[in-house]
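Let's take a walk through a protein model together. Keep the 3D view open and turn it as you read.

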Amino acid sequence: MNSIKASALEPTRDEIKDLSLGGRLTRLAPVYGLVILTILLILLFTILLPDTFPTLLNLRSIVSDKAIIAILSLAATIPMVTGKIDLTVGYGIVLWHILAISLQTLGLPWPVACLIVLALGALSGLLNGLLVEVARIDSFIATLGTGTVLYALALWHSGGRQIVAMLPDGFYALNATFVFGLPITGFYVLAIAIALWLILEYLPIGRYMYAIGANPTAAALNGIPVPRYVMGAFIASGTLTALAGILLASKLRIGQASVGLEYLLPALVGAFLGSTTIKPGRVNVWGTLIGVIILAVGISGIQQFGGSFWVEPLFNGVTLLVAIGIAGYAQRKRGGVVKPVRNTTPAPPGGTPPA
């Protein structure tokens, strides 16, 4: 049934060959429209801003600024595959980047401090999973409550003040290193994306998670342990959020509770945009990265044109509304009812017509 539904938005090669050029573009536009729009935006800003946009410095700036958002978007993508939403990606990063620094001020080596933060991130994900699957609280409400508690803990722990310390060079190198002229954080994002793509597309765990997201009741009836996979998705999301917090601490080199919440909306926008491209109506890794890229390109170009400070949140908010609308339409079209094929076999003489 899933393959039948998917064909509505993912035409086969034979179907495409039988169409005219206009028909091919019509069928492929929903799948690769966002990719084409991204390329067109890059070309447009390159032509209009030839001295500033198509430069290595601008590329470094985009990768450095948006790598953390990309990791958070990938973190939010994992529960979305199972039909859940995780708002703690925006709240948790506040606490995790503060702890990554404050634990080192207590004398802990930076690798130990990072491992503790990752473990706490996984624990918060487990708590979200228990609230959703055991307490049966809606994921939006559960993660909003958990995220608010994490943010309150960040305020309590920091006392509302900045946490500043001289940290080891090895910790700074997590973000400050360049590979092939680009920030190493971009390669972190690429490695995480490839790993998630392989898991979700080629391993049974990925098929089970997509089945849960499509119909958890049917998945449970087919023997899939739904609570286990949903809790695992939240644990993975919490761990990636903690990783993003560590990288943010390495980048800022200070901890403060006023930093982090602004990452929530762009991360969700990237994840929702991911379900509108490559595989419309289905959350997917490469779609999420395309969503983050188009946000980064659009905001960078607008800012270089002299856009005010309020342009970025406006752009993110409008894009989120558009993404949710397109994702909802694509999901409804993907889940449309398949009409039965009428049997045209002629009835035998004197017999009962076939059903």
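What follows goes from the whole chain to its helices, its empty spaces and a few single residues.

Start with the big picture, and keep in mind that this is a predicted model. The chain has 355 residues, and 45% of them are buried. Along the chain you can find 15 helices and four strands. On the outside, the chain exposes about 17900 Å², with carbon and sulfur atoms supplying 69% of that area. How do the parts of the chain touch one another? If you take the contacts with a separation of 6 or more, 75% of them are between residues 24 or more positions apart.

Now zoom in on helix H13, which runs over residues 264–274. Is this helix enclosed or open? Of its 11 residues, 10 are buried, so H13 is largely enclosed by the rest of the structure. "Buried" here stands for a relative accessible area under 20%. Among the buried residues of H13 are Leu-264, Pro-266, Val-269 and Phe-272, along with the glycines Gly-270 and Gly-274. Hold on to Pro-266, as we'll meet it again shortly.

Next, let's look for empty space. Rolling a probe the size of a water molecule over the atoms shows where such space is left. In this model, the count comes to one cavity of 30 Å³ or more. The largest cavity has a volume of about 50 Å³. Which residues line it? Here's Pro-266 again, together with Lys-66, Ile-69, Val-292, Leu-295, Ala-296, Ile-299, Glu-312 and Asn-316. Sorted by type, the lining of this cavity has six nonpolar residues, one polar and two charged. Helices H4, H14 and H15 (311–334) each give at least two residues to that lining, and H14 has the largest share, with four.

Look at the spacing of the residues in the cavity lining, where Val-292, Leu-295, Ala-296 and Ile-299 all appear. An α-helix has 3.6 residues a turn, so residues three or four places apart point the same way. That's a handy idea to keep in mind whenever you trace a helix with your finger.

There's also an open space to visit: the second largest pocket, with a volume of about 530 Å³. Its lining is made of 22 residues, and Leu-59, Ile-62, Val-63, Gly-186 and Ile-293 lie nearest the centre. Which parts of the chain supply this lining? At least two residues each come from helix H4 (56–81), strand S3 (182–183), helix H9 (184–202) and helix H14 (285–304). H4 gives the largest share, seven residues. The lining of this pocket divides into 18 nonpolar residues, three polar and one charged. You may have spotted that H4 and H14 turn up here and in the lining of the largest cavity too.

While you're at H9, find Ala-195, which is in that helix. With a relative accessibility of 35%, Ala-195 counts as partly exposed. Its C-alpha atom is 9.7 Å from that of Val-285, although the two residues are 90 residues apart along the chain.

Time for some rings. A search of the whole structure finds seven aromatic pairs. One of them joins Phe-180 and Phe-187, whose ring centres are 6.3 Å apart and whose planes make an angle of 55°, which makes the pair tilted. Are these two partners buried or exposed? Phe-180 is exposed, at 77% relative accessible area, while Phe-187 is partly exposed, at 29%. Elsewhere, ring pairs link Phe-45, Phe-53 and Phe-305 into a cluster.

Stay with Phe-180 for a moment, because its backbone deserves a look too. Phe-180 sits in the loop between strand S2 (178–179) and S3. Its phi is positive, about 55°, although Phe-180 is not a glycine. Where else can you find a positive phi in a residue other than glycine? Try Arg-253, with a phi near 65°. Arg-253 also lies in a loop, this one between helix H12 (226–252) and strand S4 (254–255). With 38% relative accessibility, Arg-253 is partly exposed.

Note on methods: Residues numbered from 1 in each chain as written. Predicted model: local features only at pLDDT ≥ 70, side-chain atom pairs only at ≥ 80, totals over all residues. Heavy atoms only, no water. 1 Å grid on protein atoms, 1.4 Å probe; cavity = no way out; pocket = protein on both sides within 12 Å on 5 of 7 lines; lining within 4 Å. Points joined across faces, edges and corners; volume = space filled by probe spheres on them. Nonpolar A, V, L, I, M, F, W, Y, C, P; charged D, E, K, R; others polar. Buried < 20%, exposed > 50% of the residue type's maximum accessible area, 1.4 Å probe, protein only. Contact = heavy atoms within 4.5 Å. Areas by Shrake-Rupley, 256 points an atom, 1.4 Å probe, with all protein chains shown as cover. Phe/Tyr/Trp six-rings, centres within 6.5 Å; stacked < 30°, edge-to-face > 60°.
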